[in-house]
Amino acid sequence: MIKFTIPKISQSLNVWQRQHFMVRNRIKKAWVWEVKVTKLNGKWPEATTKQKVVITSYRKRRLDQDNFIGGAKPLVDALTKNKLIFDDSPDWVDVEYRQEIDGKNTRTEIEIKDFAYPGHGSLIARHLKETV
């Protein structure tokens, strides 16, 4: 299991969609670098199986769940880009999104576990065969 904390929170989907595309690109890159630094410090292996990811956002106030999930997409993409999850499709990751109130210490905690079930190895082989 991998567990780490990033000292920032994702934006709501409403805020995200209204930003200029260059601002969104900067935010995406910032999430990639946050995850990359954490991964290098932890020396974690690349994902090769389906993963269970729990993203817990500690923020001043809760967002509605759709806004939270949509706003957390750059974080999920950063996990994929840094190979902590193989792909962000439901075949490869099961993501659970949680929100907690903590106005004094806003942060995002990520927990990643192997999601083992029979026959998953054949799913990996099939995916690799399709992409070649």
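Ile2 stands opposite Ile112 in strand 4. This pair belongs to the contact between strand 1 and strand 4, which run antiparallel and are joined by five bridges. The model is a predicted one. Strands of a sheet pair through backbone hydrogen bonds, either parallel or antiparallel. Both kinds of pairing turn up below.

Strand 4 also pairs with strand 2. Eight bridges hold these two together, and again the strands run antiparallel. Here Lys52 stands opposite Lys113 of strand 4. Strand 2, residues 51–59, has a further partner in strand 3. That pairing is parallel and runs over nine bridges. One of its pairs is Arg59 with Ile101 of strand 3.

Put the pairings together and the sheet appears. It is open, has four strands, and follows the order 1-4-2-3 with mixed pairing. Strand 1 and strand 3 stand at the edges. Each has a single partner strand, so one side of each is left without a neighbour in the sheet. Neighbouring strands are turned by 15° against each other on average, with direction ignored.

How enclosed is strand 4 by the rest of the structure? Six of its eight residues are buried, so strand 4 is largely enclosed.

Now look at what lies against the sheet. Helix 4 packs on it and touches strand 1, strand 2, strand 3 and strand 4. The direction of helix 4 makes about 45° with that of strand 4.

Helix 2 is the next element to follow. It spans residues 21–42, which is 22 residues. From its first C-alpha to its last it reaches 32 Å, close to the 32 Å expected at 1.5 Å a residue. Its buried residues are Ile27, Trp31, Val32, Val35, Thr38 and Lys39. Why do they line one face of the helix? Seen down the axis of helix 2, the buried residues fall within an arc of 135°, so they share one face. A general rule of helices helps here. An α-helix has 3.6 residues a turn, so residues three or four places apart point the same way.

What does the buried side of helix 2 pack against? Its buried residues meet strand 1 (2–6), helix 1 (13–17), helix 4 (73–81) and strand 4 (107–114). The face turned away from that side carries the exposed residues Arg26, Lys29, Trp33, Leu40 and Asn41.

After helix 2 comes Lys43, whose phi is positive, near 50°. Most residues other than glycine have a negative phi. Lys83 also goes against that rule, with a positive phi near 60°.

Lys83 sits in the loop between helix 4 and strand 3 (93–101). Asn82 lies in that loop too. Are these two residues buried or exposed? Asn82 has a relative accessible area of 5%, so it is buried. Lys83, at 44% relative accessibility, counts as partly exposed.

Asn82 makes links in two directions. Its side chain reaches the backbone oxygen of Ala78 at 3.0 Å. Leaving aside neighbours within four places in sequence, Asn82 is in contact with Val32, Val35, Lys36 and Lys39. Among them, Val32, Val35 and Lys39 are buried residues of helix 2. The loop after helix 4 thus brings the reader back to helix 2, through the contacts of Asn82.

Methods:
Residues are numbered from 1 along each chain as its sequence is written. This is a predicted model: local features need pLDDT of at least 70, side-chain atom pairs count only at pLDDT 80 or more; totals for chains, interfaces and linings use all residues. Side-chain values use heavy atoms; hydrogens and water are left out. The expected span of a helix is 1.5 Å times one less than its number of residues. Buried means under 20% relative accessible area, exposed over 50%, partly exposed in between (1.4 Å probe, protein chains only). The arc is that of the directions from the helix axis to the C-beta atoms. Contact means heavy atoms within 4.5 Å. Two strands pair if DSSP finds at least two bridges between them. Axes are lines fitted to C-alpha atoms, for helices over the stretch in contact, and angles run from 0 to 180 degrees between N-to-C directions. A polar contact is a pair of N or O atoms within 3.5 Å; within protein, one must be able to donate a hydrogen and the other to accept it, and residues adjacent in sequence count only if both atoms are side-chain atoms.
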